[in-house]
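This report looks at how charged side chains pair within one protein chain, and then turns to its overall make-up and to part of its surface.

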Amino acid sequence: SSSQQQDTNDDDGNSSYSFSRNGHGGMQPTSEDALEVLRELVEVLLDCVHMDHSQDIVHLAADAIAACVEEFDGGVPIPILDEILKCIGTGSVAQVTNPDFIKASAVLAHVKKKKKGKEDVKLPNRFVVQTNPSYMVGKRVIVKTLDRISTPIANLLNGLLDGDANVIKDSDIVCDAPIERSHKGSVLDAFGGDHPDGEEKEQDGCSEAAVDVWTIVYELHKIAPGILTTVIGTVASSLKHSDFNKRFRSTRLLGRLFYSKTSDIAVSFHLCYKEWIRRSLDKNQKIREVMVRHLLAILRNKSATTNVCEEATDALVRMVTHDPQLDIRLKCIAGICELVYDGPSSSSSDSPTPPFISSKLLRAVGDRVMSKTKKERLDSITGLVKIYNRNYILPKIKDVERGGEDCSIVIILDIIRSSCDLSIYESDDECKPLHGQKKGRRKHSSSPVGVDRSSDLEEEMYSFIPELLFQCFSIPDSADPALRNRILTLLDDVILGTETYHKGEGGNKTIKKSMSPTSRAVALTMIINHLQSQHNNEITANKDNTVYQWLLRALSKREILQRKLRLYLEAKTHYDNLPKESEERMEANTSAFQKLETLAKLTSPPSANSSQGSTDDLIGVLQKFHTAKDRHIFRLLASVSSPSHSSEARIRAFDDLPKRAQSIGTSASQWLFYLARRSAMGYFLNHEVVETCILLAQEAFNEGEFQSCRALLQSAYTAFKIFPTISEKSFDYLVELFSECRGSSDTKEKKLIKQYGILTTLSNMMSLTAQSRNSPTKISDSMSGSSIVDDEVQAQLVNLCVKDGSIEQSRNAIATLASLFENDPKKREQVFKPIVENLTSSSRLTLLSGKNANTKIVNVLEILTALVERVPSLFPYTSGIKGHGSKVIRFTLEYVLLGRGHRSSIDGPDDVPEDDNIEVSRPSDGRKSQSKAKRNRKSDETSQTISLACQRVQVAINFLVTHIRSTILASNSSIGKENLSS
């Protein structure tokens, strides 16, 4: 090239290059001029490449710049480095204006101008993201000249970060970028959006030309992380800087580097990482917010580096537990729950690497459930229950859900065995399950599918969540009604899925189920089994108010609410049917409103804010509701006031009530909605789930899986204890299973049935369901009247009373028979008379058995007490007349209590032949069978605690008191019926 060059003008009139003039005769370029020319050349080569160029053009431009860099024997000048690094700082992708948007906008403007009207035209996106060609050229230059350029780049970055005046003077790179704007959106925005690998987008507010050193450092770690060997330490030294802006930028930059998927800087610079972790205790709230985001990103992106994730977990646990700012704790809770919930579950086989999730992280969130702050309680329990459903329940029952309603019983039993603690049902390792050929009535497929066993880690991580949910019921409704509404919603619609209306073909509404009834029955059995196992452990440790008891209390409150709601609706209907302006109508109105006030105490108060007291607000809401003109509101409430209502009735009530209640105001409408939600049966426990549990138990029994049968029955029994009328079909199913249990002729089967308490549980459930058929609160007329059971079942119930049943089984059998024949006195007397005659025979009512004391007299008196309580008419007492009632009363009073008799038994009619094989045993269901010697030894141990004489006195007093009470109640009842009929 020529050593002299004159100024030339291009066609546009712009000067190209200008050299400093030396004198008047010509131009002598200096080294600064040559460097400026070279810088502009590099700038042109970096900027001239665009998307339409081929890769060869990119390679040629990079080779040309690399050749220029290689010419420097010493350090590469800062202006050259600036041009390369500024292209790197712009990032690998660039947002440019969409050409299609420009064309479409021009066409739309022309059409509007011509037609002078508005046209609804959907425009394409204004901006599109494309690869940044300048970045690709700069990246290739750095990779090609890495040995030559790495040290100069590191020196330049260190100088900018340290604030070296000489470096800052010669460089165009910004070292004090404006602080980032407030982070909008979710706390986990760093995990999603348009940024690959979950990288957080910088929001520095800088123009595109003013690239800062912090962005360049971050982009360089993707290209050549070795350049940052000394730079990382320089950045980490600013973590304790007194200036907030510098400390903030250092914390943010290191966080982005540590969670990046493209490098292992946290491992290579572990001391810097540990120092960065301490910023979770920084005094500035904004820095701690950044730490929350970046710590969560580390758990998601760096799950393979266990040590790094464990330190991040400890920092998050410390922040969620002890951070002084509520906003920080809430962001930690939301971020952790979102991380675990969105993490790949075990149900997906082709999922990416799951995040690092520790049980102590979830338990730290669980500790906030009992926080003093309402918002923390709501967020933590909501997130945990959603996690439990998605990450634990659904993977556990995925094979059952895949099998549908006809899922093989083999799959179901395998899941129950692997997920439940069946040892609480007195298991015996020597007794192996018996596999028969009998099948239940529920259809199922014959080809089993393998079931994945859950690891102990999953059990430890998620099994505590149901305990927390039911512990929330310990917080009074008056203290936090919003929490009570939330946990009821979680219990009914989240933990075991929900059902909603779904528009099908032709616009018809269909029910969309998230889980099948079979899946819900299995999941309910898993939860109940876990709660009972914890209950047994806590009872052993002498702890009160166990989680299982809180579950029963929560269900009991719903049952009471349903009962009060039915009473109010009946009173309201009676009031509406009376003549207007009558005195009787006014009294009925007062009575109905009093019942409504009682009902209101069981539900949440109105949420409307008012300057008046809460009592006035509640009364006003109740008045609006009570005087509502839309009678369909009350019909909708009545449809969900029974525990046996269908899921369709629940969905219909929830859909229609808000629309119907708009006329009574916002506060009354909201109060009405939560009243319906609290009283309606959810998908955790309803008639469909209970019936499925019984049918599965029957199939498990036929397969010889008696432990699984007991576990399934226990779930249904939990429901029957609170809601006896929950299912109309269940009694027939229970009778069928009872017949199969009593009809078993195999000795080993009988032993296992007795060992696992199946018969006792069945008798309890039959007793409850039979009594509910004649309950005044029953809803369905189909459950009223006497139930027809075959003679074989009736005979088996009688045998439980007089032959081989325990005391508990005998009581349940008596209660079942009394309820079934309550409306048929003749049949009832015909059934119970042989039982009374057998139990009051001379061989039974005796204090001596040979020369020894009769230990079975206590059992006999216990059963007679149950009989006199249920059927007092069979025990009349008339002085001077011999009868069963007189005989038992004389025996208990004179022989047992007063000790006046000198003989061991009462003389009297004894038409029943004595049978040495007839005995009434003490409660033994659920225990291992023992030999006669062991039973005698146990009886001796009991007698040392409570003597046989004391036991006889106790049951004798109980019998006499029960006889007096039952006789009086029966007499009053008969008088009331006579008055009613007259």
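A salt bridge is counted here where a side-chain nitrogen of Lys or Arg lies within 4 Å of a carboxyl oxygen of Asp or Glu. In this predicted model, the side chains of aspartate 630 and arginine 660 form such a pair, with an N to O distance of 3.2 Å. Aspartate 630 sits in the loop between helix H26 (614-626) and helix H27 (632-639), whereas arginine 660 belongs to helix H28 (residues 647-660), so the salt bridge ties together parts that are 30 residues apart in sequence. Aspartate 630 is partly exposed at 22% relative accessibility, and arginine 660 is also partly exposed, with a relative accessible area of 36%.

By the rule given above, the count comes to 34 salt bridges. Three of these pairs are set out below.

| Pair | N to O distance |
|---|---|
| Aspartate 630 and arginine 660 | 3.2 Å |
| Arginine 417 and glutamate 705 | 2.9 Å |
| Lysine 331 and glutamate 289 | 3.4 Å |

The pair of lysine 331 and glutamate 289 links distant parts of the chain, with lysine 331 in helix H15 (residues 326-342) and glutamate 289 in helix H13 (residues 285-301), 42 residues apart. Lysine 331 is partly exposed, its relative accessible area being 30%.

For arginine 417 and glutamate 705, the closest N and O atoms are 2.9 Å apart. Arginine 417 lies in helix H19 (residues 409-419) and glutamate 705 in the loop between helix H30 (687-702) and helix H31 (706-722), so this salt bridge joins parts that are 288 residues apart in sequence. Arginine 417 counts as partly exposed at 36% relative accessibility, while glutamate 705 is buried, with a relative accessible area of 6%.

Salt bridges also link Glu36, Arg39, Glu40, Glu43, Glu83 and Lys86 in a network.

Turning to the chain as a whole, the protein contains 41 helices and eight strands, and buried residues make up 49% of its 982 residues. Among contacts between residues at least 6 apart in sequence, 75% join residues at least 24 apart. The chain exposes about 48,000 Å², of which carbon and sulfur atoms supply 49%.

On the surface, Val953, Ile957 and Val961 form a nonpolar patch that has about 210 Å² of accessible area together. Isoleucine 957 is placed in helix H41 (residues 948-981), and at 42% relative accessibility isoleucine 957 counts as partly exposed.

Key:
Residues are numbered from 1 along each chain as its sequence is written. This is a predicted model: local features need pLDDT of at least 70, side-chain atom pairs count only at pLDDT 80 or more; totals for chains, interfaces and linings use all residues. Side-chain values use heavy atoms; hydrogens and water are left out. Patches are made of residues with over 30% relative accessible area and no salt bridge: like charges are joined within 9 Å, nonpolar side chains (Val, Leu, Ile, Met, Phe, Trp, Tyr) within 5 Å. Accessible areas come from the Shrake-Rupley method with a 1.4 Å probe; for residues, only the protein chains shown count as cover. Helices (H or I, at least four residues) and strands (E, at least two) are DSSP runs, numbered from the N terminus. Buried means under 20% relative accessible area, exposed over 50%, partly exposed in between (1.4 Å probe, protein chains only). Contact means heavy atoms within 4.5 Å.
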